[in-house]
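Welcome, and thanks for taking a look at this one with us. Please open the structure below and keep it at hand while you read the notes that follow.

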Amino acid sequence: MTNGNVPNQKSIAEVLNGFKEELKEFAATRLQMLRNEFSEKAGAWKAGIPSLVIGVLLLLVSFFLFTGGLVAVIALAFEGNSWAFAAAFFIVFALYAVGGGAIAAYGYRKIKSVGVAPERTMRVLKQDGVWLQTEARTRV
């Protein structure tokens with residue numbers, strides 16, 4: 001039988017060409033999804049970074065002023081001792097080291113649990129892989 005006698009049958013070249021076009025469209029769609037997701041994240045970063053930098057600088061200045069005041073108050077408790085300010089600085093250092101270590105460990109755990117990979121795109125690609133396997137089985 002020739003190809004012209006059966007109305008709904010395609011040649012292998014036509015099937016492969018159709019598959020190639022579908023694959024191109026599939027890849028382009030997924031690439032656009034990835035670009036959009038990264039673009040959204042980059043937009044949020046661009047909007048937030050200037051405010052974050054200014055806020056951090058102001059917090060840093062206020063931190064130094066608070067530390068100076070805290071050291072002076074603790075040194076007053078050791079009034080008359082020649083090591084009053086040294087002891088006050090070590091006490092404040094210990095408080096900050098314990099608090100900072102605990103907060104940094106918490107932040108590290110939070111960042112590690114979230115990750116930076118584009119989750120939506122990866123999830124869709126996994127679903128597409130399952131779909132492609134199913135399609136390949138049904139077409140064979």
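In which helix is glutamate 21 found? Glutamate 21 belongs to helix H1, which covers residues 12–77. Please keep in mind that this is a predicted model. The notes below take glutamate 21 first, then a group of aromatic rings, and lastly arginine 30.

**Glutamate 21**

- With a relative accessibility of 41%, glutamate 21 is classed as partly exposed, because that class lies between the buried limit of 20% and the exposed limit of 50%.
- From glutamate 21 to serine 82 there are 61 residues in sequence, and the C-alpha to C-alpha separation in space is 83 Å.

**Aromatic rings**

- How many aromatic pairs are there? The count comes to two, with ring centres required to lie within 6.5 Å.
- One pair joins phenylalanine 63 and phenylalanine 64, whose ring centres are 5.8 Å apart; their planes meet at 55°, so this pair is tilted.
- Another pair is made by phenylalanine 63 and tyrosine 96, with ring centres 4.8 Å apart and planes at 35°, so this pair is tilted.
- The tilted label fits because planes under 30 degrees apart would count as stacked and planes over 60 as edge-to-face.
- The pair of phenylalanine 63 and tyrosine 96 connects distant parts of the chain: phenylalanine 63 sits in helix H1, tyrosine 96 sits in helix H2 (residues 84–114), and 33 residues separate them.
- Through these ring pairs, Phe63, Phe64 and Tyr96 are linked into a cluster.
- As for accessibility within the cluster, phenylalanine 63 is partly exposed at 33% relative accessible area, phenylalanine 64 is exposed at 54%, and tyrosine 96 is partly exposed at 27%.

**Arginine 30**

- Arginine 30 is a residue of helix H1.
- Is arginine 30 buried or exposed? Its relative accessible area is 18%, so arginine 30 counts as buried, the limit being under 20%.
- Which side chain makes a polar contact with the side chain of arginine 30? The partner is aspartate 128, at 2.2 Å.
- Setting aside neighbours within four places in sequence, arginine 30 is in contact with Thr121, Val124, Leu125 and Asp128.
- Aspartate 128 therefore appears both as the polar partner of arginine 30 and in its list of contacts.

Note on methods. Residues are numbered from 1 along each chain as its sequence is written. This is a predicted model: local features need pLDDT of at least 70, side-chain atom pairs count only at pLDDT 80 or more; totals for chains, interfaces and linings use all residues. Side-chain values use heavy atoms; hydrogens and water are left out. Helices (H or I, at least four residues) and strands (E, at least two) are DSSP runs, numbered from the N terminus. Buried means under 20% relative accessible area, exposed over 50%, partly exposed in between (1.4 Å probe, protein chains only). Rings of Phe, Tyr and Trp (its six-membered ring) pair if their centres lie within 6.5 Å; planes under 30 degrees apart count as stacked, over 60 as edge-to-face and the rest as tilted. A polar contact is a pair of N or O atoms within 3.5 Å; within protein, one must be able to donate a hydrogen and the other to accept it, and residues adjacent in sequence count only if both atoms are side-chain atoms. Contact means heavy atoms within 4.5 Å.
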